[in-house]
Amino acid sequence: MNRTTLSLIVGTTALAAVTGFAALTAPAASGGDTEKAAARLPVERTSLLCPAPSISDLAETSYTSFTPVSQGAGANGTAELRSATEESGDGDTTSEDKKTDKKTDKKTDKKTDEKATDKPGDKTDKTAAGKADKPVLETKEPGKPATGDSSGAEAPALIGTAEGKFAPGWTIQETTEVAAGTGRGLLGTNCTAPDTEFWFPGAGTTADRTDYVHLTNPDDSTAVVDIELYGKDGALKSSVADGITVQPHSSEPILLSTLTDEQQTNVTVHVSVRSGRVAAAVQALDDKLGGDWLAASTDPSGSLVLPGIPKDATSVRLVAFARGDDDADLKVRLATPSGLITPAGNETVHVKSGMTTAVDLGALTRGEAGSLVLTPTEKAVPVVAAVRVVRGKGDKQETAFIPATGPIAARATVADNSAKGSTLALAAPDGTAKVKVTASAGSEGGTAATKTYTIKGGTTQNVELPVPSGLKGTYALTVEPLSGGPVYASRMLAATEGGVPGFTVQTLPDDRGTVEVPQAEQDLSVLQK
């Protein structure tokens, strides 16, 4: 076999294993240059994991699965969600398993006892056993959302796999309404792909918070995970946060306040995986301010963008953490509809190395769309960040979180939009950008619609959404930058219930629906021996 051809096949196989499998279409032999431009081809397999949605018996959860139509994605495939299991079910309990049990079941008082014993997904074995071979939700065709629902505190975590034409750009939205109690309001999250490291600035371990980190393992082997907590003075002491085991095809919700005796209002959670892969998400619940899912911040960076702060926010708190040995000094600016401005009294923020810094920015947006833009004053130091946003007043307040996110390189999608209550924020902090937004067909009927927008440099716009004609059910929004500077986006869902302005915000990172594959100089179906 020709050495060049063998090298290409091995390289492509390794790349596919890392990215989720990329199809390689062999080009015709041309006899030209041996080096060809790399091709971007649709991924052929994607995994997404959804955490157990709630600890409340009053919870009503909807799931929306959607794959945008992609050129070159093939004619076949599937996209399925199946229940994870709380335990491995094999009857074996290792020393690491016992350590995990202590972490999830440790109780420091009666209130903590109630929270710990009512952890999400506790009855997964009973509800999911015997149904493992039956998908909870299946997507029938690209371009049309599929929906499902669950209720109560017994709803399990879900493990999803999409292959073939359903893999490129596959997205799942999990949205939960809780009528009363801790964390009441509207909670939402994009189900995420497994990885080996996550940063969550904005969690808490005080008595009025019930914050869980959910770890879900999609693979056939056990994952081993370490959790580090950082407060205002540095790392929080913990003897039970290392070596947490997550059994194959299972999910572990871990109450953060059981990992440390220190009560801190603003905590950064660092999840690192020693062995295997997991998906991680933090559910942050407040006794008085409702709650929401806190998604992971983008990778540590010297400059960050946190898009789509609601225009009617009554309180905004920035939480940041500097990784490494150096302190970070950040310039704070708000990208408004008219341009970049500096919040009075909060022109800069100093973030000490290894410590969590929180800054209250007040009613930052003052009736206009806004995105927070953080840049180094001088030396760039890697930082992660998120904002906690509060809407409403008095006992009618609700909370959501917006983590720093990356720009949309090619395409991003968010599902579970309705004719009312959806707001799409587009930010172009570095230069004017042209953006195409497509509203899919409805889950129960309707025809897709598209609009194109120009977002001026340094601004954030809450754009008027395209709505599918004849819409029935919910629909997905797909955002594609066409030209200009980088674009950052988020989507807010809002629903007022009993005077409480329930809302949840999801950022739109790039969907990574394609992978770069080197092209061969000849048809790979004809190999030299």
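Glu60, Asp149, Glu177 and Glu497 together form a negative patch on the surface of this structure, which is a predicted model. Apart from this charged patch, the structure holds three aromatic pairs, and two of them are described below.

**The negative patch**

- One member of the patch, alongside Glu60, Asp149 and Glu497, is Glu177, and this glutamate 177 has its place in strand E8, which covers residues 171–178.
- Glutamate 177 has a relative accessibility of 43%, and it therefore counts as partly exposed, since that class lies between the limits of 20% for buried and 50% for exposed.

**Aromatic pairs**

- A pair of aromatic rings is described by two values, namely the distance of the centres and the angle of the planes.
- Phenylalanine 198 and phenylalanine 200 form a stacked pair, with 6.3 Å from centre to centre and 15° between the planes, and both phenylalanine 198 and phenylalanine 200 are buried.
- Tyrosine 230 and phenylalanine 321 form a tilted pair, in which the centres are 4.7 Å apart and the planes stand at 45°.
- This pair links distant parts of the chain, because tyrosine 230 belongs to strand E12 (residues 223–231) while phenylalanine 321, 91 residues apart from it, belongs to strand E20 (residues 315–322).
- Tyrosine 230 has a relative accessible area of 14% and is therefore buried, and phenylalanine 321, at 2% relative accessibility, counts as buried too.

**An aromatic cluster**

- Tyr230 and Phe321 also belong, together with Trp199, to one aromatic cluster.

Technical notes. Residues numbered from 1 in each chain as written. Predicted model: local features only at pLDDT ≥ 70, side-chain atom pairs only at ≥ 80, totals over all residues. Heavy atoms only, no water. Patch = residues over 30% accessible without salt bridge, like charges linked within 9 Å, V, L, I, M, F, W, Y side chains within 5 Å. Areas by Shrake-Rupley, 256 points an atom, 1.4 Å probe, with all protein chains shown as cover. Salt bridge = Lys/Arg side-chain N within 4 Å of Asp/Glu carboxyl O. Lys, Arg positive; Asp, Glu negative; His and termini not counted. Charge placed at Lys NZ, Arg CZ, Asp CG, Glu CD. Helix = DSSP H or I, 4+ residues; strand = E, 2+ residues; numbered from the N terminus. Buried < 20%, exposed > 50% of the residue type's maximum accessible area, 1.4 Å probe, protein only. Phe/Tyr/Trp six-rings, centres within 6.5 Å; stacked < 30°, edge-to-face > 60°.
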